[in-house]
Amino acid sequence: MTEKLSAETRGALLDPLLTNGWSMVEDRDAIVKTYKFDDFADAFGWMTRAAFWAEKWNHHPEWQNTYNKVTVTLTTHDVDGLSALDAKLARKMDGL
């Protein structure tokens, strides 16, 4: 069972992401980042690679693609907020 991030683990998991371009969503316990690519094919290819990991971990992002940009919002709906799965998927997306 996934749990909402505790006050003790929150900083350790989120601070590195926040320094790497992620930001907190206002009025919601979620993080967001916009990735920019050279063109639509690169953006869509990245989304496809990210989708495989999301499916493998059964943790699916909220995202939007407009031409060469992909905006990703991560939160865990089952716990109504951020969990370790969000940090894990964010780190993977940054690595792709």
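**Exercise 1. Determine how the strands are ordered in the sheet, starting from the pairing of S2 with S4.**

Step 1. Strands S2 and S4 run antiparallel and are joined by 6 bridges. Strands here are DSSP runs of E with at least two residues, helices are runs of H or I with at least four, and both are numbered from the N terminus. Two strands count as paired if DSSP finds at least two bridges between them. The model is predicted, so local features need pLDDT of at least 70 and side-chain atom pairs count only at pLDDT 80 or more, while totals for chains, interfaces and linings use all residues. Residues are numbered from 1 along each chain as its sequence is written, and side-chain values use heavy atoms, with hydrogens and water left out.

Step 2. Within the S2 and S4 pairing, Lys-36 stands opposite Lys-69 in S4.

Step 3. S1 (residues 23-24) pairs with S2 in the antiparallel sense over 2 bridges, and Met-24 has Ile-31 of S2 as its bridge partner. The hairpin of S1 and S2 has 6 residues between the strands, and Asp-27 in this hairpin takes a positive phi near 65 degrees.

Step 4. S3 and S4 are antiparallel as well, with 5 bridges. Thr-66 has Lys-69 of S4 as its bridge partner, and Trp-63 has Val-72. In this hairpin, with 2 residues between the strands, Tyr-67 takes a positive phi near 50 degrees.

Step 5. The result is an open sheet of 4 strands in the order S1-S2-S4-S3. S1 and S3 stand at the edges with a single partner strand each, so one side of each has no neighbour in the sheet.

**Exercise 2. Identify which side chains of S2 are buried.**

Step 1. In a regular strand, side chains alternate between the two faces of the sheet.

Step 2. In S2, Ile-31, Lys-33 and Tyr-35 point to one face and are buried, whereas Val-32, Thr-34 and Lys-36 point to the other and are not. Buried means under 20% relative accessible area, exposed over 50%, and partly exposed in between, with a 1.4 Å probe and protein chains only.

**Exercise 3. Describe helix H2 and its two sides.**

Step 1. H2 covers residues 40-56, which is 17 residues, and reaches 24 Å from its first C-alpha to its last, close to the 24 Å expected at 1.5 Å a residue. The expected span is 1.5 Å times one less than the number of residues.

Step 2. Its buried residues are Ala-43, Trp-46, Met-47, Ala-50 and Ala-54. They lie on the same side of H2, because they cover an arc of only 100 degrees around the axis; the arc is taken from the directions from the helix axis to the C-beta atoms.

Step 3. These buried residues pack against S2, S3, S4 and helix H3 (84-95), where contact means heavy atoms within 4.5 Å.

Step 4. The face turned away from the buried side carries the exposed residues Ala-41, Phe-52, Glu-55 and Lys-56.

Step 5. Just after H2, Asn-58 takes a positive phi of about 50 degrees.
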